[in-house]
Amino acid sequence: MSPVVARSTDGDPAAGPLIRPQESRGGVVVVKFGGNAMVDADLQRTFAQDMVELRRAGLRPVVVHGGGPQISSMLDRLGMETRFEAGLRVTTPETMDVVRMVLSGRVQRELVGHINAHGPLAVGMTGEDAHTMTAVRRAARVDGRPVDIGLVGDIVEVNPAMVSTLLEQGHIPVVSPVARGADGEVYNVNADLAASALAVALHAERLVVLTDVAGLYADWPHSTEVIERLTADALEELLPGLASGMLPKMEGCLRAVRGGVRRAQVLDGRVPHAVLDGILGETGPGTTVVPGTTVVPGTTVVPGTTMVPGTGPDRGAHPGG
């Protein structure tokens with residue numbers, strides 16, 4: 001039976017009827033919040049409402065947010081250089097100070113505030129808190145040669161205890177993608193991959209990644225047809241051909257389903273209520289990745305030709321965004 005999606009007529013999730021989700025009651029859904037939705041006040045509010053409605057439906061949402069545009073804007077205001085290598089933001093110790101300030105001091109505060117407009121639900125934290133995320137310095141190469149990108153990290157360990165405790169208490173954790181290393185350094189981590197790692201550690205039922213395109217295109221630039229559904233093996237074949245902006249998103253989806261998450265979705269964050277419709281709606285927009293070794297029937301996948309736009313807001317695959 002198709003789920004029934006019912007929003008409040010006055011915009012207050014607390015006033016409307018409950019929603020019957022596809023996921024089991026109590027299931028964890030990790031949502032990566034990023035793209036244009038982060039800089040559009042109306043989309044921020046509808047996203048916050050979606051998180052509250054998911055919780056009312058009996059799911060347990062966890063938010064991992066980016067902040068690339070806000071970081072770049074603050075660096076510009078401070079007269080500091082913004083530089084990218086291999087699609088990643090070069091993060092000096094001075095840049096890292098700005099990253100921490102913007103992610104946990106501004107972006108996270110705004111998102112927590114929007115969610116808490118509906119009640120005392122959201123709690124902000126970073127990957128540093130309670131050693132939730134541990135990272136190592138990430139290596140990068142340009143034209144086959146190693147380049148120093150500074151304090152950019154790859155997550156090697158997740159301790160989900162603090163996030164699980166917040167979920168058990170009925171809260172909505174909002175997590176900034178900053179992680180501490182065993183070497184004592186603090187690292188800037190790509191938010192897509194941070195969300196994926198957290199989803200695996202929490203045994204989440206679903207990972208949702210918001211982006212600024214409609215999904216993974218089957219034959220860009222010749223067509224804007226979106227691949228609606230594909231398996232992990234099919235996606236793995238396609239990864240080398242993806243443009244830099246979509247690569248970490250689809251890599252995160254692949255890691256998630258390989259790690260036990262039942263499904264991962266890439267949704268268009270420019271669409272109001274994209275998360276609610278994507279999870280609870282009768283039709284699944286965007287691209288869904290599921291475990292498996294064969295292409296799902298009806299999928300339009302041509303290995304070696306699938307591409308996504310290499311221009312526009314999704315071009316940069318920098319950490320924090």
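Just after helix α4, G170 takes a positive phi of about 90°, and I would like to start from that residue in this predicted model and work back into the helix that precedes it. In α4, which spans residues 161-168, the residues V163, L166 and L167 are buried. Looking down the axis of α4, one finds these buried residues within an arc of 100°, so they line one face of the helix. As for what that face meets, the buried residues of α4 pack against β1, β2, β5, β10 and helix α5, the last of these covering residues 191-201.

That brings us to the sheet. Eight strands form an open sheet with mixed pairing, and their order is β5-β10-β2-β1-β13-β15-β16-β14. The edges are β5, residues 122-126, and β14, residues 229-231, each of which pairs on one side only. From one strand to the next, the twist averages 20°. Within this sheet, β1 (residues 28-33) and β13 (residues 206-211) run parallel and are joined by four bridges, and V29 stands opposite R206 in β13.

Two further helices pack on the sheet. Helix α1, residues 41-56, touches β1, β2, β10 and β13, and its direction makes about 150° with that of β2. Helix α3, residues 93-116, touches β1, β2, β5 and β10, with its direction at about 165° to that of β5.

Let me turn to the charged pairs, since a search of the whole structure finds 14 salt bridges. One of them joins the side chains of E128 and R100, at 2.9 Å from N to O. Because E128 lies in the loop between β5 and β6 while R100 belongs to helix α3, this pair ties together parts that are 28 residues apart in sequence. Is E128 buried or exposed? At 14% relative accessibility, E128 counts as buried, the cut-off being under 20%, whereas R100, with a relative accessible area of 31%, is partly exposed.

A second pair is D154 and R138, whose side chains meet in a salt bridge at 3.4 Å, N to O. Here D154 lies in strand β9 and R138 in the loop between β6 and β7, so the parts tied together are 16 residues apart in sequence. D154 is partly exposed at 23% relative accessibility, and R138 is partly exposed at 24%.

Finally, D192 forms a salt bridge with K249, with the closest N and O atoms 3.5 Å apart. This pair links distant parts of the chain, D192 being in helix α5 and K249 in helix α7, 57 residues apart. Both D192 and K249 are buried, and salt bridges that share partners join K32, D192 and K249 into one network.

Definitions and conventions. Residues numbered from 1 in each chain as written. Predicted model: local features only at pLDDT ≥ 70, side-chain atom pairs only at ≥ 80, totals over all residues. Heavy atoms only, no water. Pairing = 2+ DSSP bridges. Helix = DSSP H or I, 4+ residues; strand = E, 2+ residues; numbered from the N terminus. Axes fitted to C-alpha atoms, helices over the stretch in contact; angles between N-to-C directions. Contact = heavy atoms within 4.5 Å. Buried < 20%, exposed > 50% of the residue type's maximum accessible area, 1.4 Å probe, protein only. Arc of directions from axis to C-beta. Salt bridge = Lys/Arg side-chain N within 4 Å of Asp/Glu carboxyl O.
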